[in-house]
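Visitor: I am new to this structure and would be grateful for a close look at its nonpolar core. Please place that part within the whole chain as well.

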Amino acid sequence: MDLYPVFCRQMRGLTPVHSLVVAFSGGLDSTVLLALAAQFAKERGINIRAVHIAHGLQDAAKDWPAHCAEVAAALGVACVTEAVQVVLGPRVSLEAAAREARYQALGDAMQPNDILLTGHHLDDQAETLLLALKRGAGIKGLAAMPERKPFGCERKQNQQWRPLLSCSRQSLEAYATEQGLSWIEDPSNSDNNFDRNFLRNRILPTLLAQWPSFNETLSRSAELCAEQLQLAQEWAECDLPALLNEAGGLNIAGLTALSVARRHNVLRHWLQQHNVHPSRAQLHAIWQEVALARPDASPEVRLDASRICRYQGVLYVPQKAGQPIALLQLKAELWQDAGVGRLRLSWVEQEADLIAELDISQLQLSFNISGLRAQPQGRAGSRPLKKLWQEYAVPPWQRSQMPLLLQRENLVAIPGLFVSQAYVPKPDQAGWRIEWEVKPEGKP
């Protein structure tokens, strides 16, 4: 197989704003990848650089950065080495920990509009699918590795491309030999205690001896699973809007009306949006132990650092919130940081939220105050705030994060929820507009 035309076809869609970053381990796969990418970049005037990740997991690795720099220089490509620490955690294999550290370092090394090229090939795809089968994975796992996907920080608009995914390792080795390339043989590749090595060294050779096109067949299966995964995701996106409430919770009655397959699909999709990736058994537990718990219960299931809870017939994934900051004096026209969000009160000539007579400097923003009462706009009579939380379906875990706009002991408004009747201006009168923006999870 002539690899260069295959590589060029897989690089379609590259634009002048892109630069190429080659993940360069020094092994056969990434050496062939770097040689092809270097030729492509030179012919088209594309910026390219190589990044070598030094894990420091074995003695032989100490010589690899120098080897990689030498090979890259011979191909006219700059190469930098990034050292990483591989941190093992509970139920995390050395392979997974090293991969996590490697991709984190590559992500940190990326600049806006960089495209990361990795040397995954047809045999890697077969191994990935077989490992997914061994884990009992669904279609997401069986879809194996896509040729292209977003990578790293969203604002950098980076992507990861695998231009050799349709090429066998045998074809890569033939190309490297023909071109006189020099590569590293990682001693750990012969250790069959690693699952991937076991498949590569013991299982796949036997399967290929019996069925020479076995890798291509597995790759087609992965492509079909990827199509089914896309269909399932699109179907979930169709089902989801009708099930969500304003706070992003998932309505249990609506889920119950769906078939089991559609319910599992949209529930899993919603959880993944909250960075929760349940197994089939965990998904079953969420439904049985949380959604279908007795009405007077306050059930929850914990998955790693996340909680799945129920309140008033709705499923929630409470997010880690910051520390609320009380604002003892408010200033007009300025955004003021309140820890879990920010507030601005602006003067407007119409469509105001608050009456013009309010002295903004006499207002304050507080959190988690007990004993308050309020009469929301359009309601008859005042009610304790504790009752209003229930009426507005604010889950208990969110209440301490809700901003309370006060004039002395009087509740003026809960931004984003309601304005008290006494402070509501007449239609089309000038007054103050309330703007409250919740701080996204994880933002400083």
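Guide: The account below begins with the chain as a whole, turns to the core, and ends with several single residues.

The model is a predicted one. Its protein chain holds 14 helices and 20 strands. The C-alpha trace spans about 85 × 50 × 40 Å along the principal axes. For 444 residues, a compact globule would have a radius of gyration near 22 Å, whereas this protein chain has 29 Å. Contacts across long stretches of sequence are well represented: among contacts with a separation of 6 or more, 68% join residues 24 or more positions apart.

The surface and the interior can be described in a similar way. The accessible surface of the protein chain is about 24,400 Å², and carbon and sulfur atoms account for 50% of that area. Of the 444 residues, 43% count as buried. The chain carries 45 positive and 46 negative charges, and the mean positions of the two sets are 6 Å apart.

The requested part can now be considered. In soluble globular proteins, nonpolar side chains tend to be buried together. The largest nonpolar core of this model has 36 residues, and Phe 7, Leu 20, Val 32 and Leu 117 are the members that touch the most other members. Several elements each supply at least two residues of this core: helices H1 (3–10), H2 (28–44), H3 (64–74) and H7 (169–179), together with strands S1 (19–23), S2 (48–54) and S4 (114–117). The largest share comes from H2, which provides 10 residues.

Val 32 allows a closer view. Apart from its neighbours within four places in sequence, Val 32 is in contact with Leu 3, Leu 164, Leu 172, Tyr 175, Ala 176 and Leu 181. The model also contains a second, separate core, which has 22 residues and includes Leu 330, Leu 343, Ile 355 and Trp 432.

Two further residues show how burial and residue type may be read together. Leu 224 belongs to helix H9, which covers residues 214–239. Its relative accessibility is 53%, and Leu 224 therefore counts as exposed, the cut-off being over 50%. The C-alpha atom of Leu 224 is separated by 9.2 Å from that of Ile 139, a residue 85 positions away along the chain.

Gln 407, in strand S17 (residues 404–407), has a relative accessible area of 15%; because burial means a value under 20%, Gln 407 is buried. Setting aside residues up to four places away in sequence, Gln 407 touches Leu 358, Gln 362, Leu 363, Val 412 and Tyr 423.

Two loop residues complete the account. Asp 304 is placed in the loop between strand S8 (300–303) and strand S9 (306–311). Its phi is near 55°, a positive value in a residue other than glycine. With a relative accessible area of 75%, Asp 304 is exposed. Glu 351 is found in the loop between strand S12 (341–348) and strand S13 (354–355). The phi of Glu 351 is likewise near 55°, again positive in a residue other than glycine. Glu 351 is exposed, with a relative accessible area of 58%.

Conventions. Residues are numbered from 1 along each chain as its sequence is written. This is a predicted model: local features need pLDDT of at least 70, side-chain atom pairs count only at pLDDT 80 or more; totals for chains, interfaces and linings use all residues. Side-chain values use heavy atoms; hydrogens and water are left out. Helices (H or I, at least four residues) and strands (E, at least two) are DSSP runs, numbered from the N terminus. The radius of gyration is taken over C-alpha atoms; the globule rule is 2.2 Å times the number of residues to the power 0.38. Buried means under 20% relative accessible area, exposed over 50%, partly exposed in between (1.4 Å probe, protein chains only). Contact means heavy atoms within 4.5 Å. Accessible areas come from the Shrake-Rupley method with a 1.4 Å probe; for residues, only the protein chains shown count as cover. Lys and Arg count as positive and Asp and Glu as negative; His and the chain ends are not counted. The place of a charge is taken as NZ of Lys, CZ of Arg, CG of Asp or CD of Glu. A nonpolar core is a set of buried Ala, Val, Leu, Ile, Met, Phe, Trp, Tyr and Cys residues joined through side-chain atoms within 4.5 Å.
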